[in-house]
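Hello,

Here is the structure I promised to pass along. Have a look at it first, and then read on for my notes on what turned up.

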Amino acid sequence: MTATHVPGTPVIEDGWLISTNPATGDEAGRVPVADEKAVVAAVERARAAAAWWQGLGYDGRKTRLLRWRSLLVERIQELAELTHREAGKPVTDGIMEVAAAVEHLDWAARNAKRVLGPRRVRTRLLVAEHSGHLEYQPFGVVGVIGPWNYPIVTPIGPISGALAAGNTVVLKPSEYTPVVGQWLADTFAEIVPEHPVLQTVHGFGDVGGALCRSGVGKVAFTGSTATAKKVMAACAENLVPVVIEAGGKDALIVDEDADVAAAAEAAVWGAMTNAGQTCIGIERVYAVAPVYDRFVNAVVEKAAKLRTGEEIGPITMPRQLDIIRDHIEDALAKGGTAVLGGASAVQAPYVSPTVLVDVPEDSSEMREETFGPTLTITKVRDADEAVQKANDTAYGLGGSVFGKKNAIRIARRMRSGMVAVNGTLTFVGMGNLPFGGVGESGFGRIHGEDGLREFARAKAITVRRARSLLPATTFERTPAQVGQIVKALRLLYGRKP
């Protein structure tokens, strides 16, 4: 690498993608770069492996996925330290990330048969002589395009759902964290050595585009909204369905009967964990007037204790530092006040915790995803105003509410895919709950039953079991039989409820 190389920025040399630590510049590892031909070859191998993987059945796949789960637990320290070396995040954050990944892998493996297995469904009047059957069939090969901010738990969400449903997977990890992605594929191959059920392809955005056009049955993408639109455009060329989990600008509402100390603790965690590089991170808080001052003071007190290089890791993408600085400066220029940190908090490769108040709604800090350890706190009249302001965004991923009497009612009114009540980010830890957003935060779901169904096609089958007493689907029906059908319809459905 050249002397001018910026730590953390991936580079390609002699066909290898070289990954470096954003804090130290030390090499974390290198992986071979895939071109379009290599991507297509990986998908073809995956398609051939899919027949074997599907043939194992739900129970056979469950056994192997649970063995992989156990391997992740056994080597949790190794994976967390690798994530620290490559992305810079604290080892403890890496351990928590593996823990969440294990939860989703375990749930998908244990529940795929119940959710997706064949079943009988009740018949209906017009085809009473037929029995109904429903089953879910895998797509074959699923492409997963993963992010750099959570390179373990985020891709394992769709990977676990896709594998449990009977698909094979080709993973394109972020170019900022390819070594972690390769580690996941290599350890899976230790458990399932027979066929390439989980493979990786590495490179920049062109490799992700090639994966979208390679003939996969479905693509699951996690990343920015801007990149999500490019992925959708590439997939649209061949009508490849997609699951999109894009950006967020999540809000926390603090109602007047909230436990202010607990709300402040959760706000600091939700905003500052992983150095704020969290799609479901809390970036905005709306606190009602009676508790506003106490809440701000508690947040500042708690956030001021966090140290860069310790609890707060480096910003993984070097160019994100400019975005964070621009957002802070714009907030201050438009009348906001930094009660902790400020523009000077940006000291590459770190950003110190920054808390802003009185920030105008039209500032970039309030409208755009910052993806850094910053938090804006806004005083509102009541919960109604808080909900209105929280929903005044193009995004709609997660959110949080602190309160007692009306907290759940407030949560239901928030325009988002997930809400935590009296906590933040907690829905990530429940493998049985769906995860996904609305608006510019994307669509489709991973995790839970909805997540499993994303990676299988519903297939309906009817089977004749008797002679037709009311023949409806034939040209040989008589006027008398049509009359009987009409009479039956009126008897069963004619009366108003």
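**What I found**

The UniProt record, an unreviewed entry, lists residues 19-461 as "domain: Aldehyde dehydrogenase". Please keep in mind that this is a predicted model. Over residues 19-461 the chain is 43% helix and 20% strand, and the C-alpha atoms at the two ends of that stretch are 50 Å apart.

**The cores**

Let me start with the inside. The largest nonpolar core holds 59 residues, and Trp68, Leu72, Phe188 and Ile280 have the most contacts inside it. At least two residues of this core come from each of helix 2 (57-74), helix 3 (76-87), helix 4 (91-116), strand 6 (141-145), helix 5 (153-165), strand 7 (168-172) and helix 6 (178-191). Helix 4 gives the most, with 11 residues. As background, nonpolar side chains tend to be buried together in soluble globular proteins.

Trp68 is a good residue to click on. Trp68 sits in helix 2, and it counts as buried because its relative accessible area is 0%, where the cut-off for buried is under 20%. Leaving out residues up to four places away in sequence, Trp68 touches Leu105, Ile156, Ile159, Leu184, Thr187, Phe188, Ile191 and Leu198. For a sense of scale, the C-alpha atoms of Trp68 and Lys404 are separated by 41 Å, with these positions 336 residues apart along the chain.

Leu72 is worth a click too. Neighbours within four places in sequence aside, Leu72 is in contact with Leu79, Val98, Val102, Leu105, Ile156, Trp183 and Leu184. There is also a second, separate core of 55 residues, which includes Met272, Ala287, Val357 and Val387.

**The salt bridges**

How many salt bridges does a search of the whole structure find? The search finds 22. In general, side chains of opposite charge can pair when their charged atoms come close.

One of the salt bridges joins the side chains of Glu454 and Lys218, at 2.8 Å from N to O. Glu454 lies in the loop between helix 15 (448-453) and strand 21 (456-464), while Lys218 is in strand 9 (residues 218-222), so this pair ties together parts that are 236 residues apart in sequence. Both Glu454 and Lys218 are buried.

Another salt bridge links Lys249 and Glu283, whose closest N and O atoms are 2.5 Å apart. Lys249 is in the loop between strand 10 (242-245) and strand 11 (250-254), and Glu283 is in strand 12 (residues 282-288), so here the parts tied together are 34 residues apart in sequence. Lys249 counts as buried at 1% relative accessibility, and Glu283 counts as buried at 2%.

Asp330 and Lys334 form a salt bridge as well, with 3.5 Å between the closest N and O atoms. Lys334 is partly exposed, with a relative accessible area of 39%. Finally for the charged residues, Arg69, Asp106 and Arg110 are joined into one network by salt bridges that share partners.

**On the surface**

Leu126, Val127, Leu489, Leu491, Leu492 and Tyr493 make a nonpolar surface patch of about 560 Å². Val127 lies in the loop between strand 4 (119-121) and strand 5 (130-138). Val127 counts as partly exposed, at 31% relative accessibility.

Happy browsing, and do write back with any questions!

Best wishes

Methods
Residues are numbered from 1 along each chain as its sequence is written. This is a predicted model: local features need pLDDT of at least 70, side-chain atom pairs count only at pLDDT 80 or more; totals for chains, interfaces and linings use all residues. Side-chain values use heavy atoms; hydrogens and water are left out. A nonpolar core is a set of buried Ala, Val, Leu, Ile, Met, Phe, Trp, Tyr and Cys residues joined through side-chain atoms within 4.5 Å. Buried means under 20% relative accessible area, exposed over 50%, partly exposed in between (1.4 Å probe, protein chains only). Helices (H or I, at least four residues) and strands (E, at least two) are DSSP runs, numbered from the N terminus. Contact means heavy atoms within 4.5 Å. UniProt positions are given in the numbering used here, feature names are shortened, and annotations may be inferred rather than shown by experiment. Patches are made of residues with over 30% relative accessible area and no salt bridge: like charges are joined within 9 Å, nonpolar side chains (Val, Leu, Ile, Met, Phe, Trp, Tyr) within 5 Å. Accessible areas come from the Shrake-Rupley method with a 1.4 Å probe; for residues, only the protein chains shown count as cover. A salt bridge is a side-chain nitrogen of Lys or Arg within 4 Å of a carboxyl oxygen of Asp or Glu.
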